[in-house]
Structure formats: C-alpha cells, structure tokens
Amino acid sequence: MRKGIVYEVEVTVEEQANGLTLTPEGSFLTFEPESVTFDGYSSDTTIVRVAVSSDVPDGTYTIKWQKTESGSTTSYLEVEDSVINVVSDMAGLPKPKVLVEDFKFVWTGNYARDVFVTLTNDPATSVTLIINLAAEDSLLQGSVDNVIYNNFPLTLTFEKGETVKPFYVYAEGGAKDNTFIYALEGPSASVYDENIPDNSFIVRQESEQNAFAIISQITNSINENEAQMTVTLSAIGTLYYVAFPTSDVAVKTSGIINGHIDNINDDWIRWNKFDIEKIGSSNAYSKTITIDGLISQTKYSVYFVARSAFGRYSSMLYNTFTTLAATPGVNILIPTLQEVDTDELKQALSLTLSINPDRIYFKQSETYSEGSGSEFFGTDVNGYTFIIAPSPTDNSPTPQEIAELMLTSDKKTKFQTYIPSFFARAGVRITEVRDI
C-alpha cells in the first residue's frame with residue numbers, strides 16, 4: 001500500500017451471516033468503519049476502508065481481525081491476519097489519479113457550468129487542486145460552492161472520505177475562449193499523479209444553446225420492492241433521481257444530484273444516476289431504469305433532473321407511486337422426536353435458511369402420532385409450527401420459496417446438525433397463513 005492514500009478492502013464470508021462482527025486492528029492504520037457486521041443474512045460481502053497516513057514509516061504491518069458472534073453457537077472460524085507492505089513509492093505502479101471532467105463549452109448567461117473532479121483514491125489527510133486560467137480573464141469567475149464567485153485561481157480541497165467534488169465556472173458576456181491548468185498541493189499531493197491534462201474550452205453565448213429537457217417519464221411496472229420506469233431526454237445527458245416515502249419537504253436540484261434531501265433520513269432515500277446516450281423513439285434519448293430497495297405498500301415521491309453533455313440542467317420532474325402489498329407469509333411445521341426449545345429451533349431455521357431471525361415467529365406446538373398408513377405408525381412426534389414472514393424491503397425470494405428450501409435434502413441435513421432430534425422422514429409441512 002502507498003502512503004497517504006485510503007484503500008478499500010473487501011471482506012467476504014463463505015455463507016451469509018447473522019450477528020457476525022469483525023473488528024480490524026493495526027498499528028499506524030485507521031479503519032472506517034471501526035467494525036463491520038454481517039447481519040440478517042442480507043449480504044456476504046462488505047468493504048473496510050484502510051487509511052495509510054503519510055507519516056507511517058515504510059515497512060510491513062499486520063491487520064488483526066477480532067471476530068465476535070452474537071448467536072448462541074459459533075459458526076465461523078477465526079480470521080487469519082492480513083499482512084501489508086507500506087511504501088513511499090510503488091516503483092513501476094501508476095499513482096492514483098485526479099480526473100477532471102473533460103468539457104468543451106462554457107455558456108454565458110445566468111447559469112454557471114459545473115465541472116466534476118474525481119479522485120481514484122481519497123487522501124489519508126488532504127489534497128488541494130489549484131485551478132487556474134492560462135490567460136487571465138476577469139469575465140470568467142469560479143466558485144467551489146456555487147454561491148461566492150471570485151477570479152481565478154481557485155482551490156478545491158479534498159479531505160479523507162471525499163472523492164468527487166465540483167467546481168463552478170461563470171462566464172459573463174465578452175468572456176474569451178480559454179484553458180484551465182491544474183496543480184496539486186497539500187500533505188497528500190505527492191502521492192497523486194500530478195500530470196493532470198489541461199482543458200481548453202470555448203465560450204459561447206446563451207442565445208446559441210438549444211433547449212434541454214426531460215421529455216417524459218413513463219411508469220412501466222410497480223411491485224412490492226421496486227418500480228421500473230422509462231425516462232426520455234431531448235438530448236444526450238445524465239439522469240439523476242431520488243425516491244423516498246412521500247413527505248412534505250422541499251426538494252432542490254442539488255439534493256437530487258447529491259442524493260440527500262433535508263429532513264429525510266438517508267436510509268429512506270433511493271438515489272442513482274444514469275448516462276442516457278441511446279436514441280429512442282421520436283428522435284429522443286431514452287433509458288429504462290429500476291428503482292429498487294423500496295418498502296412494500298408505501299407511497300413514494302420520485303424526483304428527476306437531467307444534466308446535458310454541455311453542463312445545462314433540465315427542469316425538475318416529479319411523480320408519485322405506491323408499492324404493492326408484500327407477499328403473505330407461510331407456516332412451516334418442523335417435526336422432532338424430542339421436545340426442543342423453540343428459541344433453538346428458531347435459531348436453527350435462521351442459520352439453515354439464511355434469513356434474519358426477526359422474520360421467524362413461533363406459532364404453536366403439538367404432539368401427534370403417526371397414522372396407520374405411515375411406516376412410523378404409533379410414533380409420537382412433536383410438531384413445531386413457525387411463520388416465515390415477508391420482508392418489507394426485499395421479498396425475493398418469497399416466504400414460500402424460502403420455506404420450500406427445507407424440503408431439499410441438503411437443508412434437512414444442515415438443519416439436523418443443529419437439531420439432532422429433527423425427524424426429517426416425518427415430513428416438513430408448508431401451508432398458507434390464513435386470516436382468522
């Protein structure tokens with residue numbers, strides 16, 4: 001690893017887990033987050049960001065992973081240490097880059113042109129991009145917040161955790177064609193490739209620009225946890241959207257671009273952006289998008305805005321839709337030859353079916369005897385009925401499909417390792433949950 005850079009380390013478990021926490025520790029290294037938890041059997045991969053300070057001495061370092069499990073049983077082996085080499089310069093390997101958006105035009109008028117700058121790795125401390133004009137021109141002004149404008153040069157600073165930021169260019173009438181030149185400074189400047197290409201651009205008058213707009217938005221389908229829509233632009237551009245449970249809040253273009261809406265918890269927001277470059281019907285540019293991760297039976301507001309290839313923004317487009325009700329849960333009857341604690345059965349079902357235990361509810365237990373038509377005639381069987389409930393945010397696979405996994409031989413074998421008295425040959429029974 002190179003000094004002064006933040007790296008992303010992918011952590012993967014062989015099987016999706018619930019209540020498994022890993023905490024990395026290492027001298028001279030910092031970690032974000034400080035620990036990661038695999039919960040609810042929702043994912044088998046996560047990311048830990050490792051920041052290597054510019055002040056770390058060259059050498060070999062060890063990352064130790066402390067493992068804790070909240071379940072009643074230990075299901076995962078201890079994690080082996082990770083050994084890394086920290087160096088000042090990685091000979092023969094390219095440095096991280098500072099990528100400035102390549103643009104050709106700046107338009108005069110009432111709107112500033114935004115230019116996006118992207119770091120391929122964020123700095124462990126900070127790095128500053130100095131933006132200047134090849135030819136001084138007081139009619140071209142810059143800003144880092146689109147509020148306060150000054151003559152160039154302009155400084156744009158990235159702190160740890162920041163990889164994408166814009167700066168803004170405003171052209172008054174009479175501004176001339178020019179070229180941006182770039183340089184780096186700050187604690188992490190030497191870490192990056194300082195060869196940032198100059199960017200020459202043409203200043204055009206606002207009257208020369210064609211209108212840019214979102215022509216239409218058509219809802220193709222809506223189900224429990226996602227909605228599919230087709231959006232059409234008047235020209236090539238980038239489409240941004242935010243969707244969240246309908247609420248009386250003010251939405252700004254900047255919020256749609258950044259995916260953050262004031263007074264709405266980020267956990268409730270669904271955001272994305274798409275480049276639309278393929279021409280569709282009526283000589284327009286269309287793309288079909290899917291908004292997923294939605295809560296079932298909930299009314300959503302969705303806001304769209306688009307940015308043209310020339311840096312102009314469309315008007316905001318707004319719509320609402322309501323997701324469908326979740327697929328019903330199912331009953332699953334588990335037979336055993338001995339009485340078993342229901343919490344142990346619930347944990348075993350959770351581990352076997354790889355679902356969050358919060359979706360499993362104990363319903364009832366009964367003792368019955370196998371009938372005369374059974375090869376186990378006269379055997380007393382303990383039957384435990386649980387409900388596999390739907391997930392409000394991700395109901396694929398459905399409760400029925402999850403429960404049917406218990407009919408397969410490998411799941412029965414796995415379940416038996418947790419519950420030795422499981423009487424598989426008596427048969428797992430799956431029925432609908434009916435209203436009383």
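Here is a short conversation about the pockets and aromatic pairs of this predicted model.

Visitor: Which residues lie nearest the centre of the largest pocket?

Guide: Happy to start there! The largest pocket holds about 1400 Å³ of space, and 48 residues line it. Elements that give two or more residues to this lining include β10 (113-119) and β23 (299-308). Nearest the pocket's centre lie Asp 114, Arg 307, Gly 311, Arg 312 and Tyr 313.

Visitor: Which element gives the most to the lining of the second largest pocket?
Guide: That pocket has about 480 Å³ of space, with 20 residues lining it. β1 (5-12), β2 (20-25), β6 (59-69) and α4 (409-418) each supply at least two of them. With 3 residues, the element that gives the most is β1.

Visitor: Why is the pair of Phe 180 and Tyr 182 tilted, rather than stacked or edge-to-face?
Guide: Good one to reason through. Their ring centres are 6.4 Å apart, and a pair needs centres within 6.5 Å. Stacked planes are under 30 degrees apart and edge-to-face planes over 60. The planes of Phe 180 and Tyr 182 meet at 35°, so the pair is tilted.

Visitor: Is Phe 180 buried or exposed?
Guide: Buried residues have under 20% relative accessible area. Phe 180 has a relative accessible area of 0%, so Phe 180 is buried.

Visitor: How many residues apart are Phe 180 and Phe 201?
Guide: These two form a tilted aromatic pair, 5.1 Å centre to centre. Phe 180 belongs to strand β16 and Phe 201 to strand β17, so to speak linking distant parts of the chain. Their separation is 21 residues.

Conventions
Residues are numbered from 1 along each chain as its sequence is written. This is a predicted model: local features need pLDDT of at least 70, side-chain atom pairs count only at pLDDT 80 or more; totals for chains, interfaces and linings use all residues. Side-chain values use heavy atoms; hydrogens and water are left out. On a 1 Å grid over the protein atoms alone, a cavity is a set of points where a 1.4 Å probe fits but cannot get out, and a pocket is an open set with protein on both sides within 12 Å along at least five of seven lines; lining residues have an atom within 4 Å of a point. Grid points are joined across faces, edges and corners, and a volume is the space filled by probe spheres set on the points. Helices (H or I, at least four residues) and strands (E, at least two) are DSSP runs, numbered from the N terminus. Rings of Phe, Tyr and Trp (its six-membered ring) pair if their centres lie within 6.5 Å; planes under 30 degrees apart count as stacked, over 60 as edge-to-face and the rest as tilted. Buried means under 20% relative accessible area, exposed over 50%, partly exposed in between (1.4 Å probe, protein chains only).
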